[in-house]
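Work through the two exercises below with the coordinates open, and try each task before reading its solution.

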Amino acid sequence: MSVAVAKLATRERIEAGPSSLWRYSMLLPADPPADSASGPGWTPLVPAPRFAAAVGVGEVFLKLDLSNPTHSFKDRVVAVAAAKAREFGLETLSATSTGNLANAVAARAAATGMRAVIFCPAGLEPEKFQATTVYGATVYGVRGSYDDCSRLVSELAGEVDWGIVNVNLRAYYSEGSKTLAFEISEQLGWETPDAVVMPIGSGAMYTKVWKGFNQFRQLELVAGSLPRMFGGQAAGCNPVATAFAENKRVTPQRPQSVGATGVAVGALREAVARGELGESDRVVLLVTGTGLKTPKVSQSSGQIIEIEPDVDALLEELGVTA
Ligand SMILES: *Cc1c(COP(=O)(O)O)cnc(C)c1O
């Protein structure tokens, strides 16, 4: 990192910055937009002592990235890519997505007056894209797999003057993930946790979170060692986990699961079961999205029991004898 960056990246300057990820703009590859104070990022880091006791680790802090503007971690990466798109003078913001990224791109484009065009594989749950179309984005369902969709958009990228956040702006986009590491360190009082546990999609977030902690260490903004990093993937779609286990390159898979961030909890439990995490560890678990975006999963838990406005009937229903 350059000497100039090291001079700018001080605790005092960061603490005086906006309550959003743009407080770390000196470590990001785009200038902050005019509305940098309004988010995303700077999401809550909350202790979860009962959960820590239940899984058998010393402390757990939940990093609640579902409190970003479109309820997922993707608002971070889109913020940086969209700011860069503006710097480049582009007027259309685009992405290939299966849900969260579409929401984030559509919202950010609407906020800045850009056009949004989203490409997803045809046949996904329409509920996932409701919020996307509400923000005014055009959504194309590509007949084929997610890989067919990605290939189509990579070809398109050479033909149009668009900022496609996870294609031709990917280098900027992925840097946005570092802000998770920056925030966790600052929120813990400029300390690193012992471990960070998170869900893995492509693995981009995972690697950039590591890079974020490493940059903070190089800049001496935090002391101590790098946190140990644990990542989980859903059993029904686990190309990174499979490649890691077999020591091979990643090969694409067709998803057979609904990825919610519950896989991070699975990864945490597995790490404890293997003796890699325990009572002496302070662990941060990344809550990068919310299952409420997958109504099929969340609906099954909500049965309303209808009752009369009559206290005797209610006591009987509750099994309370007066
Ligand atoms: C995108 C996303 C991630 C990280 O995905 P990577 O492809 O590994 O960067 C994690 N959780 C949620 C909910 C996401 O939408």
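Two strands count as paired if DSSP finds at least two bridges between them. The model is a predicted one.

**Exercise 1.** Determine the order of the strands in the open sheet of four strands, and explain why one side of strand 5 and of strand 6 is left without a neighbour.

*Solution.* Begin with the pairing, which is parallel and gives the open sheet of four strands the order 5-4-3-6. Strand 5 (138-142) and strand 6 (163-164) therefore stand at the edges, where each has a single partner strand, so that one side of each lacks a neighbour in the sheet. Next, look at how strand 5 is held to strand 4 (residues 115-121): the two run parallel and are joined by five bridges. Within this region, Cys-120 is the residue that stands opposite Gly-141 in strand 5.

**Exercise 2.** Identify which residues come nearest to the ligand, and describe the polar contacts with its oxygen atoms.

*Solution.* Start from the 13 residues around the ligand, of which Lys-74, Gly-201, Ser-202, Gly-203 and Thr-288 come nearest. By class, this shell comprises five nonpolar residues, seven polar ones and one charged one. Then apply the cut-off of 3.5 Å between N or O atoms. A polar side-chain atom of Lys-74 lies 2.7 Å from an oxygen atom of the ligand, while an N or O atom in the side chain of Ser-202 is 2.6 Å from a ligand oxygen atom. For Met-205, a polar backbone atom is 2.9 Å from an oxygen atom of the ligand. Finally, consider the cover: the ligand on its own has 390 Å² of accessible area, and the protein covers 83% of that.

Key. Residues are numbered from 1 along each chain as its sequence is written. This is a predicted model: local features need pLDDT of at least 70, side-chain atom pairs count only at pLDDT 80 or more; totals for chains, interfaces and linings use all residues. Side-chain values use heavy atoms; hydrogens and water are left out. A residue is near a molecule or strand if one of its heavy atoms lies within 4 Å of it. A polar contact is a pair of N or O atoms within 3.5 Å; within protein, one must be able to donate a hydrogen and the other to accept it, and residues adjacent in sequence count only if both atoms are side-chain atoms. Accessible areas come from the Shrake-Rupley method with a 1.4 Å probe; for residues, only the protein chains shown count as cover. Ala, Val, Leu, Ile, Met, Phe, Trp, Tyr, Cys and Pro count as nonpolar, Asp, Glu, Lys and Arg as charged, and the others, Gly among them, as polar.
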